[in-house]
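Dear colleague,

Here is the structure I promised to hand over; please look through it with the notes that follow.

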Amino acid sequence: MTYEEKLTAVIQTLTGSPEFVPAEDAQHANYRITDSTFPLVLKLPNGVSAVDRKANTITQNMGIAICFCDLVDVDVAYSAKRAIWDRMYLLGCEFLIKAGLSSYFQYPTEVTSEEVSDVYDENVCGVVFFMKLQELTGPNVCDLSKMPPTIKSSEVSNVATHRIYITFSKSMNP
C-alpha cells in the first residue's frame with residue numbers, strides 16, 4: 001500500500017467516513033474541494049498557513065499537514081464557525097488516535113493545530129493538523145496485532161556487548 005492508501009484506510013474509519021483528497025498544491029486543493037462531499041479531509045501542500053515553517057521542518061521527516069473541514073455559509077455568525085471548528089477538531093483528534101492504533105502508522109508526534117477558514121474556498125471552514133506521521137515499516141517493527149506471542153525465555157550472552165536473546169512462544173517475522 002502507498003502512504004496515501006494507508007491514510008485513506010484510516011480516514012474511512014472516522015466518524016462519518018469523510019472523503020479524503022490529496023492536494024499537490026493550493027490550486028489543486030481549490031479544484032478538488034468543489035467536487036467533494038463533506039466533511040472532507042484534505043492533505044495539504046506545504047506553506048498554507050502561519051505555521052508553515054513548523055510544517056516545513058517536520059515534512060522532511062515524515063511530516064504531513066491535513067485539514068479536516070466542512071462547508072459553512074458565507075458571512076455566517078462566529079458561533080456557527082466555532083461549532084464547525086470544534087467538530088472538525090474532534091474529527092482530527094479521532095484521526096490521531098486511530099492512526100496511532102492502526103497497523104499502518106506509528107503514533108503521530110509533534111502535533112500542532114490551527115483553525116482555518118476561507119483559505120481555499122470561502123465556504124470551507126476547518127482545522128489543520130500538522131504532525132509527524134511515520135509508517136510502520138522496517139526491521140524494528142513487529143506486528144503483534146493478532147494474538148501476541150509470549151516470551152518463553154531470555155538470556156544475556158555478554159554484558160560488555162549488551163546482547164540479549166529473547167525466545168517467543170511462536171515464530172516472529174525477522
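Accessible areas here come from the Shrake-Rupley method with a 1.4 Å probe, and for residues only the protein chains shown count as cover. On that basis the chain exposes about 10,500 Å², of which carbon and sulfur atoms supply 53%.

Please bear in mind that this is a predicted model, in which local features need pLDDT (the predictor's confidence in each residue, from 0 to 100) of at least 70, side-chain atom pairs count only at pLDDT 80 or more, and totals for chains, interfaces and linings use all residues. Residues are numbered from 1 along each chain as its sequence is written, and side-chain values use heavy atoms, with hydrogens and water left out.

The mean pLDDT of the chain is 76, with 67% of its residues at 70 or more. Among the elements (DSSP runs numbered from the N terminus, helices being H or I of at least four residues and strands E of at least two), helix H4 (residues 78–101) has the highest mean pLDDT, 93, and helix H3 (residues 52–59) the lowest, 43. Over residues 47–60 the pLDDT is below 50, although this stretch has 20 contacts (heavy atoms within 4.5 Å) in the model beyond near neighbours in sequence.

The secondary structure comprises four helices and seven strands, which follow the pattern α-β-α-β-α-β-α-β-β-β-β along the sequence. Of the 174 residues, 36% are buried, meaning under 20% relative accessible area with a 1.4 Å probe, protein chains only.

Best regards

How values were computed: Buried means under 20% relative accessible area, exposed over 50%, partly exposed in between (1.4 Å probe, protein chains only).
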